[in-house]
Amino acid sequence: MNMNRSENLKLGTVIGRVTLSKSVDLLKGGRFLVVSPFNREQFAKGIDAKPSMGTDPSLVVYDDIGGGVGDVIGYEEGAEAAQPFEVSPPIDAINCALVDEMFYNPWKG
C-alpha cells in the first residue's frame with residue numbers, strides 16, 4: 001500500500017440524510033448525509049446554481065461539521081476518511097469542508 005498517495009477532495013451537493021436506529025459509539029455526535037457528486041456541468045454552473053442530481057451514483061458521507069440538505073460540501077473517500085480518528089471507524093467517506101464559494105476556470109489547453 002502506498003502511504004504517500006493522496007486522494008483529491010471531491011465536491012457534492014447534500015441531497016438527504018440517513019437516519020440510523022443504531023450507531024457505532026465512535027461516530028456519536030455526527031450524522032450521515034446522502035451526497036450527489038458534482039460533474040463537469042455542475043462545476044461550470046457554480047455554487048449558486050439550483051442544486052441538482054449529478055450523473056454519478058450518490059454516496060453516504062459521515063459528517064460532524066454541520067452539513068445539511070442543499071449544502072455543497074468537500075469530501076474524501078477511501079482510507080483517508082478514517083484518518084481523523086484514533087481508531088478506524090466503519091466509514092468510506094467523510095465531510096471535510098462546507099463550501100461557501102467556488103471558482104471554476106477550466107484549462108483551455
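**Exercises: strands and their partners**

In strand 5, glutamate 76 finds its bridge partner in isoleucine 94. The model is a predicted one, where local features need pLDDT of at least 70, side-chain atom pairs count only at pLDDT 80 or more, and totals for chains, interfaces and linings use all residues. Residues are numbered from 1 along each chain as its sequence is written, and side-chain values use heavy atoms, with hydrogens and water left out.

Two terms help: strands are DSSP runs (E, at least two residues), numbered from the N terminus, and two strands pair if DSSP finds at least two bridges between them.

**Exercise 1.** Work out which strand joins strand 4 in the glutamate 76 bridge, and in which sense they run.

*Solution.* Start from isoleucine 94, the partner of glutamate 76, in strand 5. Next, look at the strands: strand 4 (residues 72-77) and strand 5 (residues 93-98) are antiparallel and joined by five bridges.

**Exercise 2.** Trace the partners of strand 1 (residues 10-18).

*Solution.* First, strand 1 pairs with strand 2 through six bridges in the antiparallel sense; here arginine 17 faces leucine 33 of strand 2. Then turn to strand 4, which pairs antiparallel with strand 1 over four bridges; threonine 13 stands opposite valine 72 there.

**Exercise 3.** Find how strand 2 is covered, and what joins it to strand 3.

*Solution.* Take cover first: five of the seven residues in strand 2 (residues 31-37) are buried, meaning under 20% relative accessible area with a 1.4 Å probe, protein chains only. Then count bridges: five connect strand 2 to the antiparallel strand 3 (residues 59-63), with phenylalanine 32 opposite tyrosine 62.

Key: Buried means under 20% relative accessible area, exposed over 50%, partly exposed in between (1.4 Å probe, protein chains only).
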